[in-house]
Amino acid sequence: MAEFTSVGVVGGGLIGLSWASLFLARGCEVTVLDPDPAIDGRLRAFLRDAWPNLATLGMTQSEAIPEAIVTSDPAALAGVEFVQENGPERLEAKRAILAQVEAVLGADVVIASSTSSLRASDLQQGARHPERILVAHPMNPPHLVPMVELVSGQATSNTALEEAERFYAQMRRVTIRVKREVPGHLANRLTSALYREAVNLVAEGIADVADVDKAIAYGPGMRWAFMGPHLTYHLGGGAGGYRGYLDHLGPTQEARWESLGTPKLTEEVKATLVEGVQRELEAQDEATLVERRDSGLVALLQLKASLDL
């Protein structure tokens, strides 16, 4: 099958700019659709920062940073071979965007939405070709974090899903098929479960914000960078493996589940969380936080590649 050579990026926010950078690095002609005239400058600035990391990862062979087509005219998307939609996280706004895009696209061009919580089935309602619409949700920043979770709607065709997998494979992404539509898909449900207890521990006065963050960053987060919770607990079962862990320590897991909190984001709790983060930032250079995160992600990806993980 022929490789994809042209991509439309709809929405030039943080996720859209990150996607556009990746697609450019992989040699695609990229058209960014956004009504804000400042997007062109923001994309250039984003690319200047992202390109060295993409080059280090071998995502591009070009030292010169290519330029995208940036426009507010949906007609500019005519002829693109794949569309990544990154509009506002509101159902009616996304439906309006999809209607504009569908008016100029070929009927077989896949439209993949970066939505973090909306269902593909809801996005498909009223669409001209609902079978080509699906969810392709990344983790921020998608030009460095390789996971993309694919979720079909009720009308999504197998052909569209397979085309999306082929496209993201060309972008060197790791795709996951989520079997059933649920709010937040897969990855965000996992992170939301952790975040709920992270908030609860602070709200109940059990730990400070900084200690919660350190507990994850220097504890389970280090293991999770290499394997997920099921494999981690398999190793925790020793010779008995996962079955041994579940039989021996499963009851302690259930006891902890029963004691997990269900906090509310009251004004008092929000103030406590924000104050805690502000105290964390006092000990580091906030201006370089994104740069240091991205450098760390690059190093981690290189390590995982060297370990064949």
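Select S295 first, which lies in helix 12; helices (H or I, at least four residues) and strands (E, at least two) are DSSP runs, numbered from the N terminus. At 39% relative accessibility, S295 counts as partly exposed, where buried means under 20% relative accessible area, exposed over 50%, and partly exposed in between (1.4 Å probe, protein chains only). Now add V277: S295 and V277 are 18 residues apart in sequence, and their C-alpha atoms are 21 Å apart in space.

This is a predicted model, in which local features need pLDDT of at least 70 and side-chain atom pairs count only at pLDDT 80 or more, while totals for chains, interfaces and linings use all residues. Residues are numbered from 1 along each chain as its sequence is written, and side-chain values use heavy atoms, with hydrogens and water left out.

**Surface patches**

Select L303, L307 and L309, which make a nonpolar surface patch of about 280 Å². Patches are made of residues with over 30% relative accessible area and no salt bridge; like charges are joined within 9 Å, and nonpolar side chains (Val, Leu, Ile, Met, Phe, Trp, Tyr) within 5 Å. The accessible areas come from the Shrake-Rupley method with a 1.4 Å probe, and for residues only the protein chains shown count as cover. Centre on L307, in the segment after helix 12. L307 has a relative accessible area of 47% and is therefore partly exposed.

Next, select D49, D285, E286 and E291, which gather in a patch of negative charge on the surface. For charge, Lys and Arg count as positive and Asp and Glu as negative, with His and the chain ends not counted. The place of a charge is taken as NZ of Lys, CZ of Arg, CG of Asp or CD of Glu. Within this group, D285 is found in the loop between helix 11 (267–282) and helix 12 (289–306). D285 counts as partly exposed because its relative accessibility is 40%.

**Salt bridges**

The structure holds 15 salt bridges, each defined as a side-chain nitrogen of Lys or Arg within 4 Å of a carboxyl oxygen of Asp or Glu. Side chains of opposite charge can pair when their charged atoms come close.

Stay in helix 11 and show E267 with K270. They form a salt bridge whose closest N and O atoms are 2.9 Å apart. The two are three residues apart in helix 11, so about one helical turn separates them. E267 is exposed, at a relative accessible area of 59%, whereas K270 is partly exposed at 36%.

Further along helix 11, select E275 and R279, another salt bridge, with closest N and O atoms 2.9 Å apart. Here the spacing is four residues, again about one helical turn. What is the relative accessible area of E275? E275 has 44% and is partly exposed; R279 also counts as partly exposed, at 44% relative accessibility.

For a network, select D40, R44 and E67, which are joined into one by salt bridges that share partners. In the salt bridge between E67 and R44, the closest N and O atoms are 3.2 Å apart. E67 lies in the loop between helix 2 (39–56) and strand 3 (69–71) and R44 in helix 2, so the pair ties together parts that are 23 residues apart in sequence. E67 counts as exposed at 58% relative accessibility, while R44 is partly exposed with a relative accessible area of 38%.

**Three more residues**

Move to N188, in helix 6 (residues 187–203). Is N188 buried or exposed? At 18% relative accessibility, N188 counts as buried. Leaving aside residues up to four places away in sequence, N188 touches S116, H137, M139 and E149; contact means heavy atoms within 4.5 Å.

Select R95 next, found in helix 3 (residues 91–102). Not counting residues up to four places away in sequence, R95 touches D122, L123 and Q125. To place R95 against another part of the chain, add L17: the two are 78 residues apart in sequence and 21 Å apart in space, C-alpha to C-alpha.

Finish on H234, in helix 9 (residues 229–236). H234 is partly exposed, with a relative accessible area of 34%. Which residues does H234 touch, not counting residues up to four places away in sequence? They are G241 and Y242. Add Y245 as the last selection: H234 and Y245 are eleven residues apart along the chain, and 6.7 Å separates their C-alpha atoms.
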